[in-house]
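Take a look at the structure below. Keep it in view as you read this short report.

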Amino acid sequence: MNHFGLSRRNALRFLASAPLLSAGALRAGTAEEFAAGLARDRRLLAFATPRAREVAAPLRTVAGRLPAELTGTLWRNGPAEHDRFGHRYGHWFDGDGMLQAFTFDGTGVTHRGRILDTPKRRRETQAGRRVLPAFGTVPPDPDAIRRPDDMNAANTSALAHGERLLALWEGGSALEVDPETLATRGFVRWRDDLAGLPFGAHPKRERDGTVWNIGVVINPRPMLLLYRIGPAGTLDGFGHLPVDPLGMVHDFVVTERRLVALLPPFVVEPERFASGHTSFLDAHAWRPELGTRALVFDKDTLAPVGRHALPAGFHFHHGNGWEERDGTIHLDVCQAPDPQFVLRDLRAPMHGEWRFPSVHPGYRRVALRPDGAALIDDAAPGVTEFPRIDPRRVGLRHRRVFVLHGPGPTESGPATWVLQRIASLDPDGGVVEHWSYPPHQLPEEHVFVPRGPAEGDGWLLGPFLDVARREGGLHVFDARRLADGPLWEGTLPYPMPLGLHGTFVAG
Amino acid sequence: MFPRPLTWILSTGVLLCTAAGHGADLEVELRGIHSSEGQALVAIHRRTQGGDFPSDASVVANASAPAATEAVVVVFRGLPPGEYAVAAFHDANGDGELNANFVGMPTEGYGFSNDARGFMGPPPFHDAAFSLGADAGTTRLVVNVAGAEPAR
Ligand SMILES: [Fe+2]
């Protein structure tokens, strides 16, 4: 008989390990200071909680014509429920996720959105208050978390794969969602011994339907996880590599033969581990002396085959990666000099302060040579984030990246959102063209949808928030004629907060 | 020696663990089991010299019962006076183990007396501890077996 001695050795190791979060929580926001801020600056509507937990409406055509051959659904996710039970989170990335669908039927677009019913949110409903730590905020008198999924906000991105629609977070399991009702079906267990392990928010799908992903485990010991999911949606391979120290690794790239992860020197520090009163974000330390570590893995074995050292920098996202015949790996990255924008600037709007970030991610190119050499250089001026490519070029040489872009603080001044343009970049030639959103419209990530056979022949679907009309909206661009402005503009009868990432499912 | 449960009888959802000798009776009500698959395993622990908790060394009595989504009650009889802690888990696949993923994180629901919680692990013994007196009669306590959600 089992004595519940937790006798399995690995269980003991887990259970004996140090906590993930540490002391010294940063302050949450308050509804009052946010309301005061919003009264001063209407752009803060971008960080307001939706008025309803479930929304649905057709989009009203404001201008232009929808391409009739554009049919399918743009799924989007992002932190949305910033306020609940009178508690306002202190970081943009904390809020409970709202999954949204923009469905194109060839004649119009309809919108649906629902705050995802996660175990975390259910627990808080039961408690009648916020009780679980979030990415950047710990509520007063928090519950101890038993497993990462206890705090899974499912708020970062979406993946449709193998008949399943998944809402992704970074620190825990993928959450399966019913595409009709947006009700949650439960966390995905890729394999019994992988239950509850982090499945990252930036999976990469290759042309053959294989999906790759990474995960970061901090507790009980830091390691990088690698997943290979087959076209049918079942696990085809899994690998792991202990990496110490380790912190957030938000994205990665895939090439023909390799997976490449860049690890910024923003790492979780054991000495900050303590009582569960410091958020995951605040358990990180900026350690530029570590540099940015590049780890290269073989796709067949999922074993590490190369390590490269790059100067320190902080990034979330890559556009793409590819390799030359001689094995040189090229990738692009939206990299900032340090993580101040995520540590500090992305908290400010939660407190009702519209702040122009002090450091910005810029579009940079990395080359990793087989002899171990590593190069990085600037590849476009200005501020770039939310890079997307033609999905047919994943792992192959790409000539276009579609990004949210800004000219930088010196030109634009603090009057505009830092990412006020949609731009098309050539990794070797900088900005190809761009279109500037008017100051009262704040764009979100624009997702590329293929049309013709050539790279870049397609549409960009761009949600935005119109802070003057207090309405959400969506633009459709011809991705090869961005400078001409949108082909179509539609608006919603309600505002939506700025979200993070989306994916398009044709049909 | 501490008494070991000799037998258990399931009747209307109540499980009886009859231990030899006199002492206190303890009714442990398990809540929050998310499915009726497998069994619930409950153990009574005492403080050990080495402080290992929960461990084979700290167990004084244990019992199992079929899992149920409504409350499962397990009764331990004749516990000598002393300080105890209860640990329980939902052995959903019935293999007698608290299953864990490959980093050692439990993948089945578990809980402790006093609703004591550690951070991604067990609480220290004293957080889960309670005392039974010599003439305590019957004591009832609730253990929330907070599970991982049913996964797909
Ligand atoms: Fe991201």
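The report covers confidence, the metal site, the cavities and some backbone features.

**Confidence**

This is a predicted model. The predictor gives the complex an ipTM of 0.75 and a pTM of 0.90. Chain B has an average pLDDT of 80, and 81% of the residues score at least 70. One stretch of chain B is weaker: over residues 1-18, pLDDT stays under 50. The model has 53 contacts beyond four places in sequence for that stretch. Where pLDDT is low, the predicted coordinates should not be read in detail.

**The iron site**

Which residues hold the iron ion? Four histidines of chain A coordinate the iron ion: His202(A), His250(A), His317(A) and His501(A). Each one uses its NE2 atom, at 1.9 to 2.1 Å. Along the chain, the donors follow the spacing H-x47-H-x66-H-x183-H. Take one pair: His250(A) and His317(A) are 67 residues apart and link distant parts of the chain. His250(A) sits in the loop between β16 (235-242) and β17 (253-254) of chain A, while His317(A) is in strand β23 of chain A.

The angles among the 4 donor atoms run from 92 to 161°. Four donors count as tetrahedral only if all angles lie between 85 and 135 degrees. The site of the iron ion is irregular.

**The cavities**

The structure holds 7 cavities of 30 Å³ or more. The largest cavity has a volume of about 730 Å³. It is lined by 46 residues. Closest to its centre are Phe93(A), Phe135(A), Glu170(A), His250(A) and Phe316(A). His250(A) is also one of the residues that coordinate the iron ion.

What kinds of residues line the largest cavity? The lining divides into 33 nonpolar, 9 polar and 4 charged residues. The elements that give two or more residues to it are β14 (211-217), β23 (314-323) and β27 (383-388) of chain A. The largest share, 3 residues, comes from β27(A).

**Backbone features**

Two cis peptide bonds in chain A are set out here.

| Cis peptide bond | Omega | Place of the proline |
|---|---|---|
| Asn219(A) to Pro220(A) | about 10° | loop between β14 and β15 (223-229) of chain A |
| Asp244(A) to Pro245(A) | near 0° | loop between β16 and β17 of chain A |

The loop of Pro245(A), between β16 and β17 of chain A, also holds the iron donor His250(A).

Now turn to Asp141(A). Its phi is near 45°, a positive value in a residue other than glycine. Asp141(A) lies in the loop between α3 (119-127) and β9 (157-161) of chain A.

Terms used. Residues are numbered from 1 along each chain as its sequence is written. Chains are lettered from A and ligands numbered from 1 in the order in which they are written. This is a predicted model: local features need pLDDT of at least 70, side-chain atom pairs count only at pLDDT 80 or more; totals for chains, interfaces and linings use all residues. Side-chain values use heavy atoms; hydrogens and water are left out. On a 1 Å grid over the protein atoms alone, a cavity is a set of points where a 1.4 Å probe fits but cannot get out, and a pocket is an open set with protein on both sides within 12 Å along at least five of seven lines; lining residues have an atom within 4 Å of a point. Grid points are joined across faces, edges and corners, and a volume is the space filled by probe spheres set on the points. Helices (H or I, at least four residues) and strands (E, at least two) are DSSP runs, numbered from the N terminus. Ala, Val, Leu, Ile, Met, Phe, Trp, Tyr, Cys and Pro count as nonpolar, Asp, Glu, Lys and Arg as charged, and the others, Gly among them, as polar. pLDDT is the predictor's confidence in each residue, from 0 to 100. Contact means heavy atoms within 4.5 Å. Donors are N, O and S atoms within 2.8 Å of the metal (3.2 Å for Na, K and Ca); water is not among the atoms, so sites may look incomplete. Four donors count as tetrahedral if all angles lie between 85 and 135 degrees; four count as square planar and six as octahedral if opposite donors are over 155 degrees apart and all others between 65 and 115; anything else is irregular.
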